[in-house]
Amino acid sequence: MKKILLACCVAVLVAGCGTKGGTQKAPIEQHDVLEPQKQQQQADEAAKQARIQQEQAELKRQLDEQKRKQEEAARQAEAEKPEVKPLPATSMSEKALADPATLLKEPGSPLSKRSVYYDFDAFNIKVEFQPMVEAHAKFLLEHKDFKVRIEGNCDERGSREYNLALGQRRADSVKRAMTLLGVPAKQIETVSFGSEKPKALGHDEEAWAENRRSDIVYPGVDTPQQ
Amino acid sequence: MLCLGAASARAQLTIEIIGGGADQLPITVLPFASEDKYQHRISEVVSADLARSGRFRLQEIGSVRPLPSEPAEVNYRYWKNRGSQTLVIGSVAERSDGKVEVRFRMLDTSKEVQVLGYAYTIVLPQMRAIAHKIADIIYEKLTGEPGVFSTRIAYVAKMPRRFELHVSDADGFNSQFILAHREPIISPAWSPDGTRIAYVSFEQRRSIVFVHNLVDGTRRVLAAFDGINSAPCWAPDGKRLAIALSKDGISQIYLIDADGGGVTRLTTSNAIDTEPSFSPDGKSLLFTSDRGGSPQIYRMSAAGNNVERMTFEGSYNVTPRYSPDGKAFAFIQRNQGRYRLAIMDLATRQTQILTDTSLDGSPAFAPNGRMILYASIVGGHGILAAVSSDGRIKQKITASAQDVREPAWGPLVGSR
């Protein structure tokens, strides 16, 4: 609602500026050659108009900036919501029925988990991550309008190109596990970032372990729709 | 986001020589007459080039004045007694049309003769280029191998908020980025004629191979199939590239025309095949594959036949790169948790580890085969380094950028 109001404000400001300039210019034009005083006044007026227009452009820029910040804040608030929300009595809360995306953010549910971790140079899904992958497969089966993007990642060691291929294998192995459970392939997109987009920036085993990972991403739920 | 010709001082490289080869040739390069009127002094650039190669010992100039710039002024015995068989003299003079004449002579102090001498007419911005050319001529005359001082290199600089693909002179000067984006750029590869660079960009949030024309700044998509598009390597004829694609499942090696057409599959394995490297004669390819259970280096014919495993030592051998003479290949070998640059002689199958760093990657031969440029991580930062193919000469190349990586050494063609 706030966003709409702000947008209106900007629209009015811009529109107002247009009409004002237009109506004042027309009559002056007939006299300015005859009366030097008025000519000066007109020049002053034009300068003033230019200043006002500049100020309004600046104001619009500030408003846009503010709007962007507010949207950013709203997005952040949205992302943080599950942490401040009280636990619902059942996992099938009223809201969840209305919006399946809520299921994906239910704290403690396997669906709220998104990452599969791997051993070095491995792409097999370890036993402890299978229930989570299965839960996402079940969700996708039940919600055909949802899509996922599986992003494969590797640690920084070794070859960037080999890691790019390995990251693809990691993402594809998650996709394969899901399609074997019946999820249509068209609901799943895979991408490899190899070792190019490390989540942990260190150069030690802890960082490496965090970066050997496939992320199950729901575009529009986890990230803005692309 | 395509940026052309924009210089970025922040990514300027600095090269520091760590080791020196044995049997260094003593040489004296005297200041060229009138060179100090100009921003770049010819004799300094020539001396730095020769010293950086590790094959010369630059002699002190001493205190005798005036210094000679013409053969008639040279006291050969004096310079011979100072320990230099070779003396380089020259001059810089501005002509009436604003152009600059650079003259240089290489003299033999024992035989008291001129070995060679040239005069060049240049415009001011070519001052460093002509100095590199002079260094190349001296290098070739004294070692019998072509010099690579006039070549260019490409590398990726990781800035705080973006990645930049840079092209610079081989000594790190004149660095300019040809592409900048917040998403990663990897695997730059020079075309054999030096006019184009293929690379992998993630600008569309996935790996896509582009071919970038350095002459006019245009670029085009080479491969954007489903899955990964990566590891471009030009065939020696410049008409095709070997490339790794996962469009048919797992990453496999394909040939593709330089215009993106004519995709032909070369490998058919149930494993990762990537990092193709053409032999200089174009008849065979080295590549990385984990078909044997761990990533190892294999060789096959350019038609994809006669696959042969090349590495057996250790469980991780990757990133093969043929040497320019085709007699050896550089690669990265894991040994006791360290990833180090190594070289294998194809005739003897002997492997030599060339570095003592632990996170090496992306080896790139100089076009004369003498040095290998590579990336490493030292103190948490990406650096470039170079080592001679016999392991004796070492250079560390640092940049003021946060990280530099993915070096590629341009060809000799077009630079001489």
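**View 1. Helix H1 of chain B and the glycine after it, in a predicted model.** B:Gly54 follows H1(B) and has a positive phi, near 80 degrees. H1(B) itself is largely enclosed by the rest of the structure, because nine of its eleven residues are buried. The buried set includes the nonpolar residues B:Ile42, B:Val45, B:Val46, B:Ala48 and B:Leu50. B:Ser43 and B:Ser47 are buried too. So are the charged residues B:Asp49 and B:Arg52.

**View 2. The contact between the two domains of chain B.** The domain assignment of chain B gives domain 1 as residues 24-143 and domain 2 as residues 152-409. Their C-alpha centres lie 36 Å apart. Five residues of domain 1 and six residues of domain 2 make up the contact. On the domain 1 side, helix H1 (residues 42-52) gives the most, with three residues. By class, that side has three charged residues, one polar and one nonpolar.

**View 3. An open four-stranded sheet in chain B.** The strand order is S15-S16-S17-S18, and the pairing is antiparallel. Strands S15 (229-234) and S18 (264-265) are the edges, each pairing on one side only. Inside the sheet, S16 (residues 240-245) and S17 (residues 252-257) pair over six bridges. One residue to pick out is B:Leu241, whose bridge partner in S17(B) is B:Ile256.

**View 4. The largest nonpolar core.** This core has 120 residues. B:Leu241 appears again here, among the residues with the most contacts inside the core. The others named for this are B:Ala198, B:Ile243, B:Ile372 and B:Leu373. Helix H3 (residues 127-143) of chain B gives the most to the core, with eight residues. In soluble globular proteins, nonpolar side chains tend to be buried together.

**View 5. Contacts of B:Ala198.** Neighbours within four places in sequence are left aside. The remaining contacts of B:Ala198 include B:Ala189, B:Val209, B:Phe210 and B:Val211. B:Leu222, B:Pro232, B:Trp234 and B:Leu241 are also in contact with B:Ala198. A second, separate core has 20 residues, including A:Leu111, A:Met178, A:Phe193 and A:Ile216.

**View 6. The contact between chain B and chain A.** Chain B puts 30 residues into this contact, and chain A puts in 16. Several strands of chain B each supply at least two residues to the side that touches chain A. They are S11 (185-190), S15, S19 (273-278), S23 (317-322) and S24 (328-335). S15 is also an edge strand of the sheet in View 3. The chain B side divides into 15 nonpolar, eleven polar and four charged residues.

Terms used: Residues numbered from 1 in each chain as written. Chains lettered and ligands numbered in written order. Predicted model: local features only at pLDDT ≥ 70, side-chain atom pairs only at ≥ 80, totals over all residues. Pairing = 2+ DSSP bridges. Domains from an automatic or database assignment. Contact = placed C-beta atoms within 7 Å. Buried ≥ 20, exposed ≤ 12 C-beta atoms within 10 Å, placed from the backbone. Core = buried A, V, L, I, M, F, W, Y, C linked by C-beta atoms within 7 Å.
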